[in-house]
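Visitor: Could you walk me through this one slowly?
Guide: Gladly, let us look at it together.

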There are 2 protein chains.
Amino acid sequence: MGKVYKAHILYTKEKERFEVLENGYVAVDTNGRVLGVAADLASLNIQCKDTEVTDFGDRLLIPAMNDLHVHAPQYRNQGIAMDLELLPWLLNYTFPEEIKYSDTAYAERMYRRFVRDLWRFGTMRACVFATIHTESTRLLMHIFQESGMGALVGKVAMNRNCPEALCEGVDAYVEGQESLIAEANSSLPPRVRPIITPRFIPSCTPAMLRACGELAAKYQLPVQSHLSENRDEIALVRELEKDSTCYGDAYDRYGLFGQIPTIMAHCVWTEGEELELMKQRGVMVAHCPTSNFNVASGMAPIRQFLNEGLRVGLGSDISGGHDLSIFRMMVYAIQVSKMHYQQNHERPFLTLSEAFWIATKSAGSFFGRVGSFEPGYEFDALVIDDSDLNHDNYSLLERLERFIYLGDDRQIEHRFCQGREITEPRVLVGN
Amino acid sequence: MGKVYKAHILYTKEKERFEVLENGYVAVDTNGRVLGVAADLASLNIQCKDTEVTDFGDRLLIPAMNDLHVHAPQYRNQGIAMDLELLPWLLNYTFPEEIKYSDTAYAERMYRRFVRDLWRFGTMRACVFATIHTESTRLLMHIFQESGMGALVGKVAMNRNCPEALCEGVDAYVEGQESLIAEANSSLPPRVRPIITPRFIPSCTPAMLRACGELAAKYQLPVQSHLSENRDEIALVRELEKDSTCYGDAYDRYGLFGQIPTIMAHCVWTEGEELELMKQRGVMVAHCPTSNFNVASGMAPIRQFLNEGLRVGLGSDISGGHDLSIFRMMVYAIQVSKMHYQQNHERPFLTLSEAFWIATKSAGSFFGRVGSFEPGYEFDALVIDDSDLNHDNYSLLERLERFIYLGDDRQIEHRFCQGREITEPRVLVGN
């Protein structure tokens, strides 16, 4: 027997507008998929007469959040060293921290808190970079499995331009990755999968990139990496992959650019041929607006991506970004688009419905039918009790906007992934 | 008898660095002024042997926040209509809302919540725009008085280019303003004062501006207004005040530009003569970085202001800004400076200590000796319990940075203004 939920339902079937059902109903089947959504019970037009209705009263019911780019092992560094330049930041914070993940006890302590905090902010699906360490990455997959949340978890491939302790040979990488794939196939549900994760071109030799492409093709696993964040990085890639016509093409030559579903983080300077190739191949942009502001490498042309019909979602990019909340990412994405607008009024800034659609239905499409309440979608949802923000006669859309701009985890009362209510993930005692 | 507090003490005597006292002590006299601050009791070198020490343990003790630019009657509009253009936003949201403040019952309900929320985020002093309405403005002064917090409260002068219901004649304005001044002199403590508040040049006829300047001089009251936020606005001022050499000069001709202490909000496009005049006269910039991002009129050159030695503080600018937290303003101020840095690496972005100094000691100077723990400063302070953010071996500076980037009102455990602990301000029952 399925379930029926009653609340003020808001979601974005199309980016141009919100669907708003005041005191609406959504029916969910036993597999956790939406059967129907309607303004009243009769119109649901499905057999749910015997189903008990869970009434959330005056609360808002919205799709859950998806984070398309986040570095789990940089969780400790969230919100520190934000006024360092890129190089000292990598050398003194990022790499030393990732090295610690050879210790699975440390990894477990940190990863459990990380997953708990994703949960707090209503993120039910994430594309995650782990580290090179197979055992810690295995642990992270299991922590996600235990939580009930969905994740694509990336053991990171890297074997050049990094500290020795973070270099892994190609054979060792392939062996580790295959053991994780076997593990996922034998003992994890489909919502938790490995994702092939070359850190980025400067960190991977051609042999490593080739191995990544081969694994992705052989096991039909998605791919994630970084693309065109920074002009120095782009120049370096041109140097390292001389035959490539652009940064994206450098991935493409190894089968890592949309031959199978691919996410590329940042794409701040993506244009011309690279943009065309992404469009053609359906490569998804993980737009990380907070990180754009913090790292100061430039701001992704998010309006242009939408106009061109590129697939796009939002990423927190911890710890280049400092905030795990994808709601906060919507605010920052609108602000990024306003910076472009200010320079050129022919690039209108994002509307709220566009930002919401990017974070939910558009991003969710990377995980299957996720991010909307249309029939057939997996029921990933949040129940928002905004009574503390709702002190005057606000419309439902104003209430949602206020929650996005002013709210935080305190207003998120219930979280669902694939139709199941997700309770607070366990962290280690004493932490 | 004074008080002594023990905690991890962090503040900025100079913008270049934090003063950090692990398990330090601060002594406060019976008038609420700092007597001394030291690493141990003996070094305090003052007569406080009989004084009981309040031990805050592992918590952080920092100066309280100051908000130099906030529109109290736009509290209801916080976080809504953020994707409207400026004109429809003013016409459909800002002005209709301000009109409601002719109703003192509505004003009391909203103003009490507004002051409570300033308190929540640790803002103990604010420069506030009210509306044209004398009685609501009087109420707001009394709500601040009752709270124990400090405020400069501005009855707004405006008599052109606005809805009729928000136009007040010059005589009526002067009469209302003088009645508030008399009230403050007779029945309010010095920490709650009126501030002369012409909305901005486009809203005030020459006669109104002259009246404002005369009141400020006669009663020696500070002045606040808006300056050079937007290029269209600057062009309009040039049109309206043809004899003026710049926007700042238009205020100056009426005695409203530093003849007595003056705050100008925004100053996004301030340069050349205007900047020189501000420097000469000590006119303070209320930098509103969140508002810069949301309103998309441009980003104030905050690094240049510091280099030139301009006085500067931070403002939330509700509801152009969406966030009341001055900690969040520090993050946004750093991000604004990074946008400038990205375009020109000779304008280094703000360090954390600079942002903190701007928000505390620099901004606080508008209220007297406020914003530092040096001897003679009024003890405006916050006690931060960051245990929920402090899950690893972080330094005290890292803990402060994490609180600024990740924290919110939940970590603020105690608030002091002028040495007195400030408890949660009362809101109206049923709200």
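Visitor: Which residues sit on the face of α9(A) turned away from its buried side?
Guide: That face carries A:Gly272, A:Glu273 and A:Gln280, which are exposed, meaning that 12 or fewer other C-beta atoms, placed from the backbone, lie within 10 Å of their own, whereas 20 or more would make a residue buried and anything in between partly exposed. This is a predicted model, in which local features need pLDDT of at least 70 and side-chain atom pairs count only at pLDDT 80 or more, while totals for chains, interfaces and linings use all residues. Residues are numbered from 1 along each chain as its sequence is written, and chains are lettered from A in the order in which they are written.

Visitor: And which ones are buried in α9 of chain A?
Guide: In this helix, residues 272-281, the buried ones are A:Glu274, A:Leu275 and A:Met278. Seen down the axis of α9(A), they fall within an arc of 95 degrees, so they line one face of the helix, the arc being that of the directions from the helix axis to the C-beta atoms.

Visitor: What do they pack against?
Guide: The buried residues of α9(A) pack against α8 (247-252) and α11 (302-308) of chain A.

Visitor: New topic: how many residues of chain A are in contact with chain B?
Guide: There are 30 residues of chain A in contact with 30 residues of chain B, where contact means that C-beta atoms, placed from the backbone, lie within 7 Å. The largest share of the side of chain A that touches chain B, six residues, comes from α12(A).

Note on methods: Contact = placed C-beta atoms within 7 Å. Helix = DSSP H or I, 4+ residues; strand = E, 2+ residues; numbered from the N terminus.
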